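Student: I have a new model open on my screen, and I would like to understand the reasoning behind the labels people attach to it. Could you take me through them?

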Amino acid sequence: MRIFVDAMGGDNAPQAPVSGAIEALRRFPELEITLAGPLEQVTSLVKDCDDVRDRLTLLDAPEVITNHDSPVMAVRAKKQSAIVLGMLQVRDRQADGFVSAGSTGAVLAGGMFRLGRINGVERPALAPLMPNGKGHFLLIDCGANVDCKPEYLQVFGVMGDAYMKGVMGLKEPRVGLINIGAEAEKGNALVKAVYPLMEQAPYCFVGNVEARDITGDVADVLVADGFTGNVVLKFMEGVAGTMLNIIKREMLGDFRSKLGALMAKPAFRRVKKVMDYTEVGGAPLLGVQGAVVKAHGSSNGHAIACAIAQCVKMIDGHVVEIIEKGVASMADEAK
């Protein structure tokens with residue numbers, strides 16, 4: 001299996017992608033990685049990895065797409081960038097998957113225009129795994145599609161269902177729709193229109209899910225338009241950071257608290273690990289013709305390695321094929 005990694009993507013590039021690629025190679029003995037970026041910068045960082053160097057290929061990608069570039073224009077113009085070259089290699093079956101911590105818009109545009117969409121998918125979606133009381137749920141979409149049609153959200157459910165089956169190993173994922181109330185008649189025009197469509201879709205639809213129940217293990221996949229999903233994502237990140245800071249401050253507030261904190265330190269480490277986005281890796285871009293994972297822009301080397309591991313699971317879990325079958329089945333039923 002070969003994964004293509006954007007060496008210049010993210011706030012900590014190229015150091016983080018390079019160290020993450022090396023960590024992933026050590027974790028997966030059968031894995032091969034193509035690391036793309038300006039060759040001089042990348043080559044200077046590849047050291048102390050003789051044990052995996054024969055499975056690491058460096059590819060010169062002199063052009064870099066930044067967050068200041070127009071995503072669509074950059075994908076069209078910067079043909080020698082890692083994002084464009086990586087998508088083309090996945091399209092041409094020279095690589096099995098693609099990982100980048102770079103511009104979200106450019107990864108989305110590259111996936112749509114260079115790699116291509118799955119037949120029947122109008123809009124690909126970003127879908128991060130988020131923590132809940134049981135483990136994780138998949139939030140789809142988290143920002144790729146701010147304005148949506150009901151049909152988009154129905155297909156998001158198909159894609160989320162496929163991911164949780166292929167990557168997380170769930171036999172029958174529960175798919176819910178984020179709304180302001182549990183009743184079918186509540187919500188804005190979009191969620192009211194999509195509710196009956198999701199009831200007819202080939203997955204286990206459990207109805208509307210209110211915000212207070214999002215982390216309550218009531219669904220394995222939570223569907224939303226990109227605007228709502230992004231608000232949920234950013235709010236959860238903020239709450240997690242605030243709560244951890246409050247707990248840390250209060251546990252160090254006096255002598256007795258410090259004593260208790262010392263005894264509870266292993267538990268706090270476990271909680272922090274559950275809440276830490278670097279352990280998840282990134283958000284898969286679902287709906288394109290290949291395994292694509294968008295890592296967080298502030299990813300360190302370990303987070304990049306986890307994103308690569310997530311991409312490996314997508315490939316091994318045949319997520320793209322499951323989505324293709326699910327969308328095709330839904331189209332057949334609609335005829």
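Student: What volume does the largest cavity have?

Tutor: The largest cavity has a volume of about 40 Å³. Please keep in mind that this is a predicted model. A search of the whole structure, with a threshold of 30 Å³ or more, finds 1 cavity.

Student: Which residues line the largest cavity?

Tutor: The lining is made up of D6, M8, G9, E63, V64, I65, S81, A82 and I83. To count as lining, a residue needs an atom within 4 Å of a cavity point. Two of these names come back in another setting: D6 and I83 are among the contacts of S100.

Student: What makes S100 count as buried?

Tutor: Buried means under 20% relative accessible area. S100 has 1% relative accessibility, so S100 counts as buried. S100 lies in strand β4 (residues 97-100). Leaving aside neighbours within four places in sequence, the contacts of S100 also include V107, V293, K294 and A295.

Student: Why is the pair E32 and R2 called a salt bridge?

Tutor: The rule asks for a side-chain nitrogen of Lys or Arg within 4 Å of a carboxyl oxygen of Asp or Glu. For E32 and R2 the N to O distance is 2.7 Å, so the pair meets the rule. E32 lies in strand β2 (residues 32-37) and R2 in strand β1 (residues 2-6), so this pair ties together parts that are 30 residues apart in sequence. By the same rule the count comes to 11 salt bridges.

Student: Are E32 and R2 buried or partly exposed?

Tutor: One of each! R2 is at 18% relative accessibility and counts as buried, whereas E32, at 34%, is partly exposed. The lower cut-off is 20%, which is why the two get their separate labels.

Student: How do you know that D220 and R174 form a salt bridge?

Tutor: Their closest N and O atoms are 3.0 Å apart, and the limit is 4 Å, so D220 and R174 qualify. This pair links distant parts of the chain, 46 residues apart: D220 is in the loop between β9 (204-209) and β10 (221-223), and R174 is in strand β8 (residues 174-178). D220 is buried, with a relative accessible area of 7%, whereas R174, at 22%, counts as partly exposed.

Student: What about K186 and E183, at 3.6 Å: why is that a salt bridge?

Tutor: Their N to O distance of 3.6 Å is within 4 Å, so the pair is a salt bridge. K186 is partly exposed at 39%, and E183 is partly exposed at 36%. Elsewhere, salt bridges that share partners join R174, D217 and D220 into one network.

Student: What is notable about the phi of D217?

Tutor: D217 has a positive phi of about 60° although it is not a glycine. D217 sits in the loop between β9 and β10.

Student: Why is the pair Y195 and F205 called edge-to-face?

Tutor: Ring planes over 60 degrees apart count as edge-to-face. The planes of Y195 and F205 make an angle of 75°, so the label fits. The centres are 5.1 Å apart, and the limit for pairing is 6.5 Å, so the rings also qualify as a pair. Y195 lies in helix α7 (residues 189-200) and F205 in strand β9, so the pair ties together parts that are 10 residues apart in sequence. Both are buried: Y195 has a relative accessible area of 13%, and F205 is at 16%.

Student: Which residues have the most contacts inside the largest nonpolar core?

Tutor: Those are I3, I33 and L286, in a core of 66 residues. Helix α6 (residues 150-166) gives the largest share of this core, 9 residues. Apart from it lies another core, of 38 residues, among them I83, C142, A144 and V209.

Student: What makes R93 exposed?

Tutor: Exposed means over 50% relative accessible area, and R93 has 64%, so R93 is exposed. R93 is found in the loop between α4 (82-91) and β4.

Student: Which peptide bonds are cis?

Tutor: The bond from A13 to P14 is cis, with omega near 0°. The bond from I140 to D141 is cis too, with omega near 5°.

Notes: Residues numbered from 1 in each chain as written. Predicted model: local features only at pLDDT ≥ 70, side-chain atom pairs only at ≥ 80, totals over all residues. Heavy atoms only, no water. Helix = DSSP H or I, 4+ residues; strand = E, 2+ residues; numbered from the N terminus. Buried < 20%, exposed > 50% of the residue type's maximum accessible area, 1.4 Å probe, protein only. Phe/Tyr/Trp six-rings, centres within 6.5 Å; stacked < 30°, edge-to-face > 60°. Core = buried A, V, L, I, M, F, W, Y, C linked by side-chain atoms within 4.5 Å. 1 Å grid on protein atoms, 1.4 Å probe; cavity = no way out; pocket = protein on both sides within 12 Å on 5 of 7 lines; lining within 4 Å. Points joined across faces, edges and corners; volume = space filled by probe spheres on them. Contact = heavy atoms within 4.5 Å.
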